[in-house]
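Me: I am new to this structure. Please show me how to read a few of its features.

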Amino acid sequence: MLSGFKQFVLRGNVVDMAVGVVVGAAFASVVSAFTKDLLTPFIAAIAGKPDFSDLGFTIRSAHFPVGDFINSAVSFLLVAAAVYFFVVAPVNILIARMHRADTPASPATKKCPECLSEIPIDAHRCAHCTQPVGARAA
């Protein structure tokens with residue numbers, strides 16, 4: 001039973017997932033610090049108020065602290081923007097560069113419509129059966 005557990009834990013995808021969780025937690029703290037220490041003061045410099053927690057309204061002695069929701073929404077938007085612009089967009093660019101090299105080359109041969117043998121793409125006549133073929137015909 002322990003050998004099966006050992007195989008499960010040492011399987012590549014479990015270890016990769018554990019590393020991803022640890023790196024994700026570290027990245028979350030970096031993004032949170034970036035949001036709290038850089039982006040929120042920048043909004044305060046523009047808008048004049050970085051903390052909306054005092055905002056709220058009261059209806060029949062029930063207080064609705066909408067400022068906390070606004071703070072959470074702004075924090076979420078800032079974190080999402082930071083993740084997109086500093087992680088997702090650069091990774092998409094790298095993946096696009098890697099796949100650009102994988103594009104197949106244009107074909108150098110085509111099939112003769114009569115005998116189905118391979119002939120050069122620019123040939124006007126099949127070398128095997130001597131039938132005329134149009135240039136660039138498939």
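Reply: We will go through aromatic pairs, a surface patch, a loop and the cysteines. Keep in mind that this is a predicted model.

Me: How many aromatic pairs does the structure hold?

Reply: A pair of aromatic rings is described by the distance of the centres and the angle of the planes. Here there are 2 aromatic pairs. One joins Phe-57 and Phe-64, with ring centres 4.9 Å apart and planes at 20°. Planes under 30 degrees apart count as stacked, so the pair of Phe-57 and Phe-64 is stacked.

Me: Which arrangement do Tyr-84 and Phe-85 form?

Reply: Their pair is edge-to-face. The centres of Tyr-84 and Phe-85 are 5.1 Å apart, and the angle between the planes is 80°. Over 60 degrees is the cut-off for that label.

Me: Are these rings buried or exposed?

Reply: Take relative accessibility: over 50% is exposed, under 20% is buried, and partly exposed lies in between. Phe-57 has 39%, so Phe-57 is partly exposed. Phe-64 has 37% and is partly exposed too. Tyr-84, at 42%, is partly exposed. Phe-85 reaches 56%, so Phe-85 counts as exposed.

Me: Which residues form the nonpolar patch on the surface?

Reply: Both rings of the stacked pair belong to it. The patch is formed by Leu-55, Phe-57, Ile-59, Phe-64 and Val-66. Together they have about 400 Å² of accessible area. Phe-64 sits in strand E2, residues 62–64.

Me: What lies in the loop between E1 and E2?

Reply: Strand E1 covers 57–59. Arg-60 is in the loop between E1 and E2, and Ser-61 is found there as well. Look at the backbone angle phi. Arg-60 has a positive phi of about 50°, although it is not a glycine. Ser-61 is not a glycine either, yet its phi is positive, at about 65°. Arg-60 is exposed at 81% relative accessibility. Ser-61 is exposed at 73%.

Me: Now the cysteines. How many disulfides does the structure hold?

Reply: The count is 0. A disulfide needs two cysteine sulfur atoms within 2.5 Å. For Cys-112, the closest cysteine sulfur is in Cys-129, at 3.7 Å, so the two are too far apart for a bond. Cys-129 is therefore in no disulfide, with the sulfur of Cys-112 as its nearest cysteine sulfur.

Me: Where do Cys-112 and Cys-129 stand, buried or partly exposed?

Reply: Cys-112 is buried, at 0% relative accessibility. Cys-129 is partly exposed, with 24%.

Note on methods
Residues numbered from 1 in each chain as written. Predicted model: local features only at pLDDT ≥ 70, side-chain atom pairs only at ≥ 80, totals over all residues. Heavy atoms only, no water. Phe/Tyr/Trp six-rings, centres within 6.5 Å; stacked < 30°, edge-to-face > 60°. Buried < 20%, exposed > 50% of the residue type's maximum accessible area, 1.4 Å probe, protein only. Patch = residues over 30% accessible without salt bridge, like charges linked within 9 Å, V, L, I, M, F, W, Y side chains within 5 Å. Areas by Shrake-Rupley, 256 points an atom, 1.4 Å probe, with all protein chains shown as cover. Salt bridge = Lys/Arg side-chain N within 4 Å of Asp/Glu carboxyl O. Helix = DSSP H or I, 4+ residues; strand = E, 2+ residues; numbered from the N terminus.
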